[in-house]
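Reader: I have a structure open and some terms I do not trust yet. Please take them one by one and show how each word is earned.

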Amino acid sequence: MSNASPTVTARPGMLPRLAWAMLWLALAGVSLHFLVAVHAQYGQLDPAHYTMYWSRRGWLWLHIGGGVLGIVLGPLQFLTRWPKARPQLHRWLGRTYIGGMLLACAAAVGLIATSPAPAAITTAFAGTALAWLLTALVAMISIRRGNVARHRRWMTRAYLVTLAPVLFRLLLPAWIASGRAPAPDAIALLLWSSWALPLLLHALVLAGCSAWRSGRQATVGGMAPP
């Protein structure tokens with residue numbers, strides 16, 4: 001009887017870890033595909049590849065460079081044992097991530113200011129940059145105040161916004177494949193959805209995990225001997 005308890009408590013913990021590992025693996029695969037596609041699009045100095053970005057390619061390069069830093073460094077920050085084992089490295093990677101984000105957001109301002117796109121699209125693009133900035137800012141303030149749990153939650157949200165361009169490149173072809181035209185309002189909707197939907201899903205997952213833990217604690221407490 002006494003030897004059975006560790007086995008029962010170990011198995012529930014393995015399932016969430018496996019689920020998170022599968023999720024991060026999927027995100028890594030999708031992100032890698034996105035980076036390859038971006039390189040194929042803008043890796044050659046050709047106006048035909050850059051289209052409307054050719055005259056603004058400096059802003060575009062800065063924006064992509066900062067975004068790539070975020071996409072690559074983000075997952076490294078979520079390694080469970082890394083922050084405890086190498087806190088100095090974790091802090092410097094975090095600072096580099098924030099630096100890449102600030103660079104990408106500053107370049108986004110330049111792209112928006114020089115964009116010929118309709119207001120609906122530039123507003124949605126600005127909303128994405130602002131969401132990225134605010135989520136990372138809350139995460140940074142949280143860790144400076146010593147609130148590690150809040151810092152991890154908001155860094156997760158910041159990284160989900162980092163992946164907004166990745167999700168947008170998946171949503172747009174799906175929208176076109178459904179037979180609907182990529183009108184400016186539709187593109188704006190997809191831009192908003194590319195980060196708002198992941199944040200909503202993250203909130204639902206957190207709420208579900210919290211409810212599951214509360215229910216499990218109540219069950220264990222009810223089974224405890226008086």
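Reader: How do you know that the span of α3 agrees with a helix of 20 residues?

Author: The expected span of a helix is 1.5 Å times one less than its number of residues. For the 20 residues of α3 that gives 28 Å, and the end C-alpha atoms are 29 Å apart, so the two agree. This is a predicted model, in which local features need pLDDT of at least 70 and side-chain atom pairs count only at pLDDT 80 or more, while totals for chains, interfaces and linings use all residues. Residues are numbered from 1 along each chain as its sequence is written, and side-chain values use heavy atoms, with hydrogens and water left out.

Reader: What makes a stretch count as a helix or a strand?

Author: Both are DSSP runs, numbered from the N terminus: a helix is H or I over at least four residues, a strand is E over at least two. By that rule the protein has nine helices and zero strands.

Reader: Why is His202 called buried?

Author: Buried means under 20% relative accessible area, exposed means over 50%, and partly exposed lies in between (1.4 Å probe, protein chains only). His202 has 9%, so the word buried applies. His202 sits in helix α9. Leaving aside neighbours within four places in sequence, His202 is in contact (heavy atoms within 4.5 Å) with Arg153, Thr156, Arg157 and Leu160.

Reader: Why is Thr122 buried or exposed?

Author: Its relative accessible area is 16%, therefore Thr122 is buried. Thr122 belongs to helix α6 and touches Ile112, Ser115 and Ala117, not counting residues up to four places away in sequence. Buried residues in α3 include Leu60, His63 and Gly66. In the protein, buried residues make up 30% of the 226 residues.

Reader: What makes a space a pocket and not a cavity?

Author: On a 1 Å grid over the protein atoms alone, a cavity is a set of points where a 1.4 Å probe fits but cannot get out; a pocket is an open set with protein on both sides within 12 Å along at least five of seven lines. Lining residues have an atom within 4 Å of a point. The second largest pocket is lined by 41 residues, with Tyr53, Phe125, Pro165, Phe168 and Leu191 nearest its centre. Helix α8 gives the largest share of that lining, seven residues.
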